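Visitor: I am new to this structure and would like a close look at a single part of it. Please take the second largest pocket, and then place it within the rest of the chain.

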Amino acid sequence: MLQKAIFMLVVTAQFSCTAQESKAPRSLVVYRTQDPIVIDGVAEEPAWKAAQVSEDFIDIEGDKTPTYHTNVRMLWDETYLYFYAQMEEPHVWATLKQRDTVIFYNNDFEIFIDPDGDTHNYYEFEMNALNTVWDLLLVKPYREGGPVVDSWEILGLKTAVQVNGTLNDPSDVDKGWSVEVAMPWEVLKETSGSNDVPEGKFWRVNFSRVNWDFELKDGAYTRKKDADGKFLPEYNWVWSPQGVINMHEPEHWGYAYFSSNVAGNPDSFTIPKDEQIRWLMYKLYRAQKKYFGEKGTYANSITELIPNPILRDGTTLELELEVHRTGWNIQAKSPYTQSIYSIREDGKYQHIK
């Protein structure tokens, strides 16, 4: 039997700091390039020099400054989506040479892409300083037990690494390494819900850098172990902080806005107000999962999940919670655009109309 609970949020502008318990995700303007881009790891083309440089990476939880600097840039043309990352690193090393092995067992650079922002059917890409790559498709985040399609590949992928120093040589001090990546739109659009390049739109993306403390064994680099022989934990440095040590919460990823402007012609991007609804819906999603874990049943009202759920700017929102035999869903009507959004028990977020 269906059970419904409709809760009208009547809020004043005097909202508490709990409404802003985490900062909004970061955003990046991705400019178009008219120049050919040679994938060599150097990024000397004028378009790269004019591309927006991201903020410095931060610890994945958002509260610590990494030991070494990392920045990324993005560009696009009609064929490829391009990425370039510069990583400060005094000891550039890598050992893994087989494609689709677990690259983050080395120091690596990672790209995460969710084209339609529903947290389902998203891409993960990793590479090390040997230019060994791992690409995979996740049907759902690990928290929902979704299958990982490890056989999925980015056909037509181009990658390159440039080492500013010497690879796998512990006798000197390096300056760092950089990676350059070109991913064909024809592959990336597979889960975007559109056959068009997303010009004038945004995708949800994030970048991660895994770094390990190292030790030398017979003169070669390896991950450092503690006194009990266990590997020390890795460092996770990211572009847009996750708030938790988990890259597989796509709702926290940043916003990549694909400008129609050619690199060198400045553009700007402001995260749409409707995105506040998405952030609140995922707060309710996590609260519903916690409620079920504690009580073995789903909450039937919004107030059971969050006593005073509000948007970040204090705007009134209409929410509807429906519990049914196989789960639940919450719908919200935007007070800004009148659009209808929904989230369901497995975390899939949708723009209904």
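Guide: What follows starts with the pocket, moves out to the chain as a whole, and ends with some single residues.

The model is a predicted one. The second largest pocket holds about 540 Å³ of space. Its lining is made up of 24 residues, and those nearest the centre of the pocket are P115, D116, G117, F202 and R278. Three elements each give two or more residues to this lining: the strand β12 (202-211), the helix α3 (275-295) and the strand β20 (349-351). By residue class, the lining of the second largest pocket has 10 charged, 8 nonpolar and 6 polar residues. Two domains take part in the lining, since domain 1 (27-262) and domain 2 (273-352) each supply at least three residues.

Now the chain around the pocket. Its secondary structure consists of 4 helices and 20 strands. The C-alpha trace extends about 65 × 55 × 40 Å along its principal axes. The radius of gyration is 22 Å, which agrees with the value near 20 Å that a compact globule of 353 residues would have. Buried residues make up 51% of the 353 in the chain.

One stretch of the chain carries an annotation. In an unreviewed entry, UniProt lists residues 39-188 as "domain: Carbohydrate-binding". Over residues 39-188 the chain is 37% strand and 6% helix, and the C-alpha atoms at the two ends are 18 Å apart.

The listed range begins at residue 39, and I39 sits in the loop between β2 (27-32) and α1 (46-50). The relative accessible area of I39 is 17%, and a residue counts as buried under 20%, so I39 is buried. I39 and W239 are 200 residues apart along the chain, and their C-alpha atoms are separated by 22 Å. The loop between β2 and α1 also contains E45. E45 has a relative accessible area of 12% and is therefore buried as well. From E45 to D35 the distance is 7.6 Å, C-alpha to C-alpha, with their positions 10 residues apart in sequence.

A further loop begins after β12, one of the elements that line the pocket. W212 lies in this loop, between β12 and β13. With a relative accessibility of 8%, W212 counts as buried. W212 and D108 are 104 residues apart in sequence, while in space their C-alpha atoms are 9.5 Å apart.

Two aspartates are worth a look for their backbone angles. D218 has a positive phi of about 55°, although it is not a glycine. The place of D218 is the loop between β13 (214-217) and β14 (220-223). D218 has a relative accessible area of 80%, and a residue counts as exposed over 50%, so D218 is exposed. D100 is not a glycine either, and has a positive phi of about 65°. D100 is found in the loop between β5 (80-88) and β6 (108-114).

To return to the part you asked about: the second largest pocket is lined by 24 residues, and domain 1 and domain 2 each contribute at least three residues to that lining.

Terms used
Residues are numbered from 1 along each chain as its sequence is written. This is a predicted model: local features need pLDDT of at least 70, side-chain atom pairs count only at pLDDT 80 or more; totals for chains, interfaces and linings use all residues. Side-chain values use heavy atoms; hydrogens and water are left out. UniProt positions are given in the numbering used here, feature names are shortened, and annotations may be inferred rather than shown by experiment. On a 1 Å grid over the protein atoms alone, a cavity is a set of points where a 1.4 Å probe fits but cannot get out, and a pocket is an open set with protein on both sides within 12 Å along at least five of seven lines; lining residues have an atom within 4 Å of a point. Grid points are joined across faces, edges and corners, and a volume is the space filled by probe spheres set on the points. Ala, Val, Leu, Ile, Met, Phe, Trp, Tyr, Cys and Pro count as nonpolar, Asp, Glu, Lys and Arg as charged, and the others, Gly among them, as polar. Domain bounds come from an automatic or database domain assignment. The radius of gyration is taken over C-alpha atoms; the globule rule is 2.2 Å times the number of residues to the power 0.38. Buried means under 20% relative accessible area, exposed over 50%, partly exposed in between (1.4 Å probe, protein chains only).
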